[in-house]
Amino acid sequence: MSSEFHETDDAVAAAPEGAWERVAEIDLSAIRHNVRRIKELVAPASVMAVVKADAYGHGAERVARVAVDAGAAWLGTAHVSEALALRAVGIDAPMLAWLHTSGTDFTAAINAGVDLGASGWELERIAAAAQEAAQPARVHLKIDTGLGRNGATADRWEQVLDTAMAYQDDGLLRVVGVWTHLAVADEPDRPETDQQLEAFRAAVALAENAGFDVEQRHAANTPALLSRPDAHFDMVRLGLGAYGLSPFEDQSPEDLGLRPAMTLKTRIANAKRVQSGQGVSYGLRYRTLEETTLGLVPLGYGDGIPRIAVEGPVQIGGQRMLSRGRIAMDQFVVDAGPETDPEALLDREVVVFGRGGPSVDEWAAAAGTINYEIVTRISGRVPRTYIEGSWGEASDE
Ligand SMILES: *Cc1c(COP(=O)(O)O)cnc(C)c1O
């Protein structure tokens, strides 16, 4: 995602009052509840709310404020530019950004008090940036304990520690954290998490033996913080769970005490009677089996509905309907059945997922993907609106 999405307020338009065409409604009380619940679960470890990718599509600024308000001690982003955008709107919580390139503005990050994840190669650039900023960088050294993405391998770890210590001795940086990322925590029965945590503890021990005062050891994402108390360490990095979604195939958000925060809604944009055999959408991959009523849902892949989805569910009043034929850029079609009067269908509210409708997980299944992707893809074309308390105070414990 480009940084422009985070640097201006109007990349994601605010939903107008009153009449609306399509909206992703974000329940801030659900996010508040989820962060509080996880905070209690992991105490005394602290919570970093991960708000990368515009807070998984929920809106980074609003989510960051609510998460901090609910007790998240830290905020996490992938890109420095995402962290800087939050600083620019006055959010001053501790922040960590961890995915860099040679184009990353480390000087701006240091000036803005953004902590930097580092795997090795970044240290030289971070040190140069610290010189320019005339203050030390705060660094979290990352060990690759098996995921094979970012982080130093165990082979290189001591060399990275040596390099970091030399810069630390020069006053150019301070190592405040050691961290890793887990590969299979969403499948708690797999043995690799044990191996990763063992490798992590060894890497932390090496850093401490080298003389670093490691304040923040962190390893757990949402699946690990839920299933592995031994992965909590000093801090957990909470992404998906803050948005009320479950990382486990066999457990719903409700099972985990979490509340989904995003509801995607629109209105039927056209409805009509068609004959049996009517083809539907590009490629005519669906044909009606009888005379029936079709409804047009004005959301498509331009809005982040995956084109690959087959039979994606929607809720219209008391009725569950399925997308039929291809999802197009702007729209898809539901077959409302022969009993439905097209005049009654036109302009009806359609819940694609969320409160009063199908789950994000059902859409993930329809598209052969995971719930993370469904919410994160909802594009800037869909206005976000923010509500409070739709889950009712009574259910708030
Ligand atoms: C995205 C991300 C997280 C959050 O993961 P969830 O499973 O959404 O909680 C944590 N750590 C890192 C390094 C990430 O990239």
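The paragraphs below lead through one pair of packed helices and three buried residues of a predicted model. Residues are numbered from 1 along each chain as its sequence is written, and side-chain values use heavy atoms, with hydrogens and water left out. Because the model is predicted, local features need pLDDT of at least 70 and side-chain atom pairs count only at pLDDT 80 or more, while totals for chains, interfaces and linings use all residues.

Helices and strands are DSSP runs (H or I of at least four residues for a helix, E of at least two for a strand), numbered from the N terminus. Helix H2, residues 28-42, packs against helix H4, residues 60-69, at an angle of about 45 degrees, and their axes are 9 Å apart; axes are lines fitted to C-alpha atoms, for helices over the stretch in contact, and angles run from 0 to 180 degrees between N-to-C directions. That angle makes H2 oblique to H4, since angles under 35 degrees count as roughly parallel, over 145 as roughly antiparallel, 65 to 115 as roughly perpendicular and the rest as oblique. Where the helices meet, Leu-28, Ile-31, Arg-32 and Val-35 of H2 are in contact (heavy atoms within 4.5 Å) with Arg-62, Val-63, Val-66, Ala-67 and Asp-69 of H4.

Two of these residues, Ile-31 and Val-63, are also in contact with Tyr-243, which lies in the loop between strand E9 (235-238) and strand E10 (262-267). Tyr-243 has a relative accessible area of 1% and is therefore buried, a word that means under 20%, with exposed meaning over 50% and partly exposed in between (1.4 Å probe, protein chains only). Leaving aside neighbours within four places in sequence, the contacts of Tyr-243 also include Asn-34, Ala-55, His-58 and Pro-260. A polar atom of the Tyr-243 side chain lies 2.8 Å from the backbone oxygen of Val-50, and the C-alpha atom of Tyr-243 is 8.2 Å from that of Leu-258, 15 residues apart along the chain.

Elsewhere, Gln-196 is found in helix H9, residues 192-209, and counts as buried because its relative accessibility is 2%. Not counting residues up to four places away in sequence, Gln-196 touches Thr-145, Gly-146, Leu-147, His-181, Leu-182, Ala-183 and Val-184.

Ala-109, in helix H6 (residues 106-111), is buried with a relative accessible area of 0%. Beyond its neighbours within four places in sequence, Ala-109 is in contact with Val-80, Leu-84, Val-114 and Leu-116.

Note on methods:
A polar contact is a pair of N or O atoms within 3.5 Å; within protein, one must be able to donate a hydrogen and the other to accept it, and residues adjacent in sequence count only if both atoms are side-chain atoms.
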